[in-house]
Amino acid sequence: MLEELRITGLGVIEDATLPLGPGLTVITGETGAGKTMVVTSLGLLFGGRADAGRVRADPGRATVDGRVKLPAHLRAAVESRIVDAGAEIDDDGTLLMSRTLTAEGRSRAHVGGRTVPVAVLAEVGERVFALHGQSDQLRLLRPAEQRAALDRYAGPEHEKLLGRFAELYGRWRAVEDDLADRRANARQRSQEADLLRLGLDEISRVDPQPGEDELLREEAQRLEHVEGLRSAAQVAHVSLTGTGDGDDVLDVLSLLSTARRTLEAQTGVDRVLGELAARLDEVATLAGDVSTELGSYLAALDADPGRLQEVYERRAALRTLTRKYAEDVDGVVAWADRARTKLGELDNSDELLEELDRERRRLHGEVADVAAALSAARQEAAGRFAADVTVELAGLAMPHARIHVVVGPKPAGGGPTVPTAGGTDAGVGPDGADDIELRLLPHPGAPAQPLQKGASGGELSRVMLAIEVVFAGVGGPPTLVFDEVDAGVGGTAAVEIGKRLARLARDHQVLVVTHLPQVAAFADRHLVVAKDTGGAVTTSGVRVVEHTDRARELARMLAGLPDSDLGIAHAEELLSVADREKSHH
């Protein structure tokens, strides 16, 4: 449940706070006062598209803050996503959310005081919030939306079946496309495979090893300068060990030994000299190790001209590969790995084609079976869905109207098909092999027409509301927002819409932007968006109206006369009727 909403710098709203609560909250106000900005702010808060053109020039930044109290059954799922994003929920299940938009179009989202991707707001919104406006009515005219509505109504087991179908369909189409590509491009594939084999043969003859080019470069440099290296190593070795010509060669190891012994002799007199003697011992040990390694280096130093020639020839062979396949030997090895993988993909042998064809037929059979099960499930759900919506329409001053949900096969149309129970082929896509169409029979004797042809604006509003009431009975988000879904409706139908919204608000938090006093009269909380044009810039604020103020607002909505005694009397009568209706149900 959305407990509070604060809007700053958005459209005509400079700074407004909406105190919200359970039940039915209506939002009214004069045209242009900013009711639409309330709906826009809710869309922003829950991850909707940001329009920088809505940001007020001063201060050039719009912010929407919301405090959401998560119901127990949603808390675990939402908390898991929030924690993954680095935010957290308060101990009492309260979630603080915020969205900021600048005039330059930059958008930021925060949850629990932490910056998060806007997608996190959208994911939370999908679970806790549903917005229905006149644009939603237009979406309901699309066949894809009508199919989605029926699938949603059919329940979680149906959704699992739909997911299973989509997974099978994807695998089937992938195998189908792979097989068609192999058959259609056999010659091209064969030529590409031949080129890869030639490259792999050339590389395998040389058999390059990772890092080999760098090792050979170092070895060639060593062999080319072997005499200089030997001379340097010998001078250093003699300096350390004294093993040179003559007996008067001073060596480092002897000098270190003499220095250490001399200092050790004075240890009893001064402890500092003893410590220095110990350090000289460490230096002597290190010098001895270096001497040993120099000896090994000299013994291993190879001046064989034949080996140098071998290194030159090997490096030339590797350069031939790097000129053709990659910048270095590691790249050549990687190219060979990719080529071997690609060669497997280019395999166009008869055995592989037969195997793919068997897999294609098997998957097609499974797709056809699950598509038939999906069609049967939709047929069953269609009857229940139509009956439930029809009952709701009767309560919305359309007592003779009927909704029919027609589930039929998709036209084949030259694309992929599956067989139907009737023996014909139906077109098939990731969502199945069915076309869904909602038809409205407004009164007996009239033909059932598709919604886009048979429903007026007011009728479409009521069909939309009836569908939402039906959805509410099978779950759905806890907060529902209706943006003038009562457009084109008046009189008795408006009262019935108010009743239905009040009934929906027993189990949901319902927010309604309306221009109808008959709907507003059923509210548990009434908010008015009022504009102030006293200054150079129009601004709007939001206030809660109660008692006499509420009657005056309804009188304004009824006849545009908020101070008329007769108008207020009519408004009070409307409020009394609404209170009686709410208490009877």
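## Charges and rings: worked exercises

E88, D90, D91 and D92 come together on the surface as a patch of negative charge. Keep in mind that this is a predicted model.

**Exercise 1.** Find the place of D91 and decide whether D91 is buried or exposed.

*Solution.* Start with the chain: D91 sits in the loop between α2 (72–84) and β5 (94–102). Next, take the relative accessible area of D91, which is 76%. Exposed means over 50%, so D91 is exposed at 76%.

**Exercise 2.** Classify the ring pair of Y169 and W172, then place both residues in the structure.

*Solution.* A pair of aromatic rings is described by the distance of the centres and the angle of the planes. A search of the whole structure turns up five aromatic pairs. For Y169 and W172, the ring centres are 5.8 Å apart and the planes stand at 75°. Planes over 60 degrees apart count as edge-to-face, so that's the label for Y169 and W172. Now the location: both belong to helix α6 (residues 156–184), and because they are three residues apart, about one helical turn separates them. Y169 and W172 are both buried. To finish, add F165: F165, Y169 and W172 make up one aromatic cluster.

**Exercise 3.** Do likewise for Y325 and W335: work out the type of pair and where the two residues lie.

*Solution.* The ring centres of Y325 and W335 are 4.6 Å apart, with the planes at 45°, so this pair is tilted. The pair links distant parts of the chain, 10 residues apart: Y325 is in the loop between α12 (305–324) and α13 (329–345), while W335 is in helix α13. Buried means under 20% relative accessible area. Y325 has 18%, so Y325 is buried; W335 is also at 18% and counts as buried.

**Exercise 4.** Trace the salt bridges of E366 to R164 and R362, and say which network they belong to.

*Solution.* The structure holds 38 salt bridges, so let's zoom in on E366. First, R164 and E366 form a salt bridge, with the closest N and O atoms 3.2 Å apart. R164 is in helix α6 and E366 in helix α14 (residues 350–394), so the bridge ties together parts 202 residues apart in sequence. Second, R362 and E366 meet in a salt bridge at 2.3 Å, N to O. These two both lie in helix α14, four residues apart, about one turn of the helix. Check accessibility too: R164 is partly exposed at 38%, E366 at 22% and R362 at 36%. Put it together, and R164, E167, R171, E359, R362 and E366 are linked in a network of salt bridges.

Definitions and conventions: Residues are numbered from 1 along each chain as its sequence is written. This is a predicted model: local features need pLDDT of at least 70, side-chain atom pairs count only at pLDDT 80 or more; totals for chains, interfaces and linings use all residues. Side-chain values use heavy atoms; hydrogens and water are left out. Patches are made of residues with over 30% relative accessible area and no salt bridge: like charges are joined within 9 Å, nonpolar side chains (Val, Leu, Ile, Met, Phe, Trp, Tyr) within 5 Å. Accessible areas come from the Shrake-Rupley method with a 1.4 Å probe; for residues, only the protein chains shown count as cover. A salt bridge is a side-chain nitrogen of Lys or Arg within 4 Å of a carboxyl oxygen of Asp or Glu. Lys and Arg count as positive and Asp and Glu as negative; His and the chain ends are not counted. The place of a charge is taken as NZ of Lys, CZ of Arg, CG of Asp or CD of Glu. Buried means under 20% relative accessible area, exposed over 50%, partly exposed in between (1.4 Å probe, protein chains only). Rings of Phe, Tyr and Trp (its six-membered ring) pair if their centres lie within 6.5 Å; planes under 30 degrees apart count as stacked, over 60 as edge-to-face and the rest as tilted.
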